[in-house]
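Q: Please take a close look at one helix of this model and at how it sits in the rest of the structure. After that, I would like the answer to move outward to the charged and nonpolar side chains at the surface.

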Amino acid sequence: MHRLLRRQLRRLFGDSPTVPEQWQGFVDAVDQAYEQFDEDRNLLERSLDLSSQELMGATTENARLLEETQQARDDAEEANRTKSQFLANMSHELRTPLNAIIGYSEMLQEDAADLENAEFEEDLERINGAGKHLLGLINDVLDISKIEAGAMDIYLETFPIEPMVQDVATTMQTLVEKNSNTLEIDCPDSVGSIHADTTKIRQCLFNLLSNASKFTEQGTISLTVSRDTEDGREWISFAVGDTGIGMTEEQMGRLFEAFAQAEASTRRNYGGTGLGLAITRHFCEMMGGTVLVESEAGKGSKFTMKLPAIVNESLGTTAAD
């Protein structure tokens with residue numbers, strides 16, 4: 001019986017060894033209650049001991065899984081760096097002889113033109129075109145490898161936008177007209193200058209215009225440049241639109257993955273490595289910008305590069321350096 005109850009009963013009944021009958025039922029009930037309480041307490045203590053052991057086991061297991069996951073991540077990152085370094089080295093080794101092939105083919109084209117040999121001229125033009133196409137693919141692989149390896153740098157300089165855009169348009173004109181498309185440029189002088197990496201902006205525009213030309217036939221390709229202010233900061237937008245095949249929402253979800261295209265049939269029908277958009281997005285993000293896309297199947301697409309008018313100096317190296 002509980003000690004406190006014992007003391008109270010002694011005060012009531014003195015030293016009598018027996019408890020009056022009218023109190024016996026109450027005493028028995030209290031005894032049973034405390035016996036049950038002791039059993040429940042023991043059960044709870046055992047349960048707590050088991051729970052503590054299980055918790056310690058789970059904590060140990062979680063720590064082990066976390067360590068394994070971290071190790072797997074480190075291994076994957078190291079493998080990716082190794083792959084990127086290998087691709088970068090291999091691409092460099094391929095570019096050297098390929099540039100020689102392109103150079104010699106151009107020299108032979110000039111000789112064939114002097115000899116007025118049309119048959120040789122046509123064959124040499126095909127060799128030259130194939131070499132330049134292969135060089136473009138190798139350059140894309142080299143770029144994505146450098147990006148993944150963290151070895152890609154940006155060089156900042158201030159330059160006027162309109163002359164650069166007109167130069168890009170002139171360079172792309174032949175490709176745009178290949179599928180009987182029309183190129184429309186809207187770049188007013190008021191857009192002014194931008195402080196960024198001119199080479200990478202040009203390459204991004206080449207990629208976007210090339211894509212638009214590839215997926216559009218007898219349509220219109222447009223390049224619209226504008227300057228806007230958001231939250232006190234100036235931005236330059238380069239919007240490339242087309243009236244081509246367009247894309248579904250599902251296809252747009254895979255657009256910016258390296259070596260991926262909207263769907264398998266795209267590579268069969270239109271060719272390409274699927275690197276152009278991935279490189280374009282990376283370049284824009286390296287300069288503190290982004291790439292936005294709008295598209296509707298059968299109606300065309302619109303890609304907008306949005307870049308700060310003055311790229312933060314901490315993101316790159318100034319051209320003067």
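A: The buried residues of helix α5 are Thr198, Lys200, Ile201, Gln203, Cys204, Leu205, Asn207, Leu208, Leu209, Asn211, Ala212 and Ser213. The model is a predicted one, and what follows should be read with that in mind. Since 12 of the 17 residues of α5 are buried, this helix is largely enclosed by the rest of the structure. Buried here stands for a relative accessible area under 20%, and the list of residues that meet this cut-off in α5 includes Lys200 and Asn207 as well as Ile201 and Leu205. The length of the helix can be checked too: α5 runs over residues 198-214, and at 1.5 Å a residue its 17 residues should span 24 Å, which agrees with the 24 Å between its end C-alpha atoms.

One of the buried residues of α5, Leu208, also gives a link to a part of the chain that is distant in sequence. Leu277 and Leu208 are 69 residues apart in sequence, while their C-alpha atoms are 7.4 Å apart in space. Leu277 belongs to helix α8, which covers residues 276-286, and with a relative accessible area of 8% Leu277 is buried. Under the 20% cut-off, then, buried residues are found on both sides of this pair, with Leu208 in α5 and Leu277 in α8.

Turning from the enclosed helix to charged side chains, the structure holds seven salt bridges. Side chains of opposite charge can pair when their charged atoms come close. In helix α3, the side chains of Arg126 and Glu122 meet in a salt bridge with an N to O distance of 2.8 Å, and these two residues lie four residues apart, about one turn of the helix. Arg126 also forms a salt bridge with Asp123, where the closest N and O atoms are 4.0 Å apart; because Asp123 and Arg126 are three residues apart in α3, about one helical turn separates them. As for their surroundings, Arg126 is exposed, with a relative accessible area of 54%, whereas Glu122 counts as partly exposed at 43% and Asp123 counts as partly exposed at 33%.

Another salt bridge joins Glu234 and Arg227, whose closest N and O atoms are 3.0 Å apart. Both partners are partly exposed, Glu234 at 37% relative accessibility and Arg227 with a relative accessible area of 30%. Back in helix α3, salt bridges that share partners join Glu122, Asp123 and Arg126 into one network.

The surface also carries charge in another arrangement, for Glu110, Asp111, Asp114 and Glu116 gather there in a patch of negative charge. Glu116 is found in the loop between α2 (21-114) and α3 (118-148), and with a relative accessible area of 71% Glu116 is exposed.

Helix α2 also contributes to a nonpolar part of the surface, through Leu94, which has its place in that helix. Phe86, Met90 and Leu94 form a nonpolar patch on the surface, with about 290 Å² of accessible area together, and Leu94 itself counts as partly exposed at 43% relative accessibility. Beside these surface features, α5 offers the opposite picture, as 12 of its 17 residues are buried.

Note on methods:
Residues are numbered from 1 along each chain as its sequence is written. This is a predicted model: local features need pLDDT of at least 70, side-chain atom pairs count only at pLDDT 80 or more; totals for chains, interfaces and linings use all residues. Side-chain values use heavy atoms; hydrogens and water are left out. Patches are made of residues with over 30% relative accessible area and no salt bridge: like charges are joined within 9 Å, nonpolar side chains (Val, Leu, Ile, Met, Phe, Trp, Tyr) within 5 Å. Accessible areas come from the Shrake-Rupley method with a 1.4 Å probe; for residues, only the protein chains shown count as cover. Lys and Arg count as positive and Asp and Glu as negative; His and the chain ends are not counted. The place of a charge is taken as NZ of Lys, CZ of Arg, CG of Asp or CD of Glu. Buried means under 20% relative accessible area, exposed over 50%, partly exposed in between (1.4 Å probe, protein chains only). The expected span of a helix is 1.5 Å times one less than its number of residues.
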